[in-house]
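Subject: A structure for you to look at

Hello,

Here is the structure I promised to pass on to you. Please open it beside this email and follow along as you read.

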Amino acid sequence: MRMVFLGPPGAGKGTIAASAKEYYGIPHISTGDLFRSNIKNETELGLQVKSILASGGLVPDSVTIEMVRNRIAEPDCKNGFILDGFPRTIPQADALAEMTDLDAVVDFQIPKEEVVKRLSGRRMCPSSGRIYHVIFNPPKVDGKDDETGEDLIQRPDDKEEAIMHRLEVYTEQTEPLIKYYRDKGLIKEIDASVKPSEVFELLKQSLC
Ligand code: ADP
Ligand code: ADP
């Protein structure tokens, strides 16, 4: 199963991908996670993209496309993958179409007011990428990862100013992909505003 998760920042793509990757036995490829791990490890790519991520803007297409091309060429992607956060622009979608066929593009539908609540309360474990929410999915111990006890962080781009910018970027550059993939007959729309367990059920139903 080769699928793309599409939807605004904060729609719950990463949360649902964590369950879906186990269920379908395919890797979860989050371009945001790949960039963040390069930033953490201070690689050349990380240094190049750090300020772009902090501002909520998009990394140039050429850089992002090459990163994804290399990642999906790895052996664990042989039977499929979940692409989360890619493509985000029409040129990225065109490049992806040259790399691989897709089985489905899942559109996570949610009102914009709801994503602001989700993003402003999001916390994450910096090493594993595990995702929490201060109200909707709190850790067992306040501010600590459930498995390792590490301190959770708030992403720099989950501060209010960057959130607003990311939503604008989504509307301008990424939302047009819904029509792009609808025209190709690949779109599966799911209601992402309900609880995570219900969203996951809707995902499974939409894919069978
Ligand atoms: P969210 O899950 O909140 O939507 P991501 O973790 O997917 O955010 O992405 C974080 C940031 O990484 C983006 O705001 C952008 O700066 C960069 N990024 C991730 N994916 C892409 C992409 N496909 N094209 C360009 N930039 C990207
Ligand atoms: P995305 O990858 O689309 O940016 P995330 O999966 O990181 O979104 O989720 C954003 C925030 O919303 C996180 O704090 C997460 O715990 C929370 N969240 C995710 N799905 C739901 C849901 N169905 N209901 C309530 N909160 C959710």
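Below is what I found, starting with the ligand and then moving to a pair of helices. Please keep in mind that this is a predicted model.

**Around the ligand**

Ligand 1 has 19 residues around it, and those that come nearest are Thr 31, Gly 57, Gly 85, Arg 122 and Arg 166. Try finding the two arginines in your viewer. Arg 166 places a polar side-chain atom 2.3 Å from an oxygen atom of ligand 1, while for Arg 122 a polar side-chain atom is 2.8 Å from an oxygen atom of the ligand. The backbone takes part as well: a polar backbone atom of Val 59 sits 3.1 Å from a nitrogen atom of ligand 1. How much of ligand 1 does the protein cover? Of the 560 Å² of accessible area that the ligand has on its own, 96% is covered.

The shell around ligand 1 is mixed, with seven charged, six polar and six nonpolar residues. Helix H2 (residues 31-40) gives the largest share of that shell, four residues.

**Two helices that meet**

H2 also meets helix H3 (residues 44-55): their axes come within 8 Å and cross at roughly 115 degrees. The crossing of H2 and H3 is left-handed. On the H2 side, the contact is made by Phe 35, Arg 36, Asn 38 and Ile 39, and on the H3 side by Leu 45, Gly 46, Val 49, Lys 50 and Leu 53. Five of these contact residues are nonpolar, two are polar and two are charged.

Enjoy exploring, and write back with any questions!

Best wishes

Key: Residues are numbered from 1 along each chain as its sequence is written. Chains are lettered from A and ligands numbered from 1 in the order in which they are written. This is a predicted model: local features need pLDDT of at least 70, side-chain atom pairs count only at pLDDT 80 or more; totals for chains, interfaces and linings use all residues. Side-chain values use heavy atoms; hydrogens and water are left out. A residue is near a molecule or strand if one of its heavy atoms lies within 4 Å of it. A polar contact is a pair of N or O atoms within 3.5 Å; within protein, one must be able to donate a hydrogen and the other to accept it, and residues adjacent in sequence count only if both atoms are side-chain atoms. Accessible areas come from the Shrake-Rupley method with a 1.4 Å probe; for residues, only the protein chains shown count as cover. Ala, Val, Leu, Ile, Met, Phe, Trp, Tyr, Cys and Pro count as nonpolar, Asp, Glu, Lys and Arg as charged, and the others, Gly among them, as polar. Axes are lines fitted to C-alpha atoms, for helices over the stretch in contact, and angles run from 0 to 180 degrees between N-to-C directions. A crossing is left-handed if the near helix is turned anticlockwise from the far one by less than a right angle, and right-handed if clockwise. Contact means heavy atoms within 4.5 Å.
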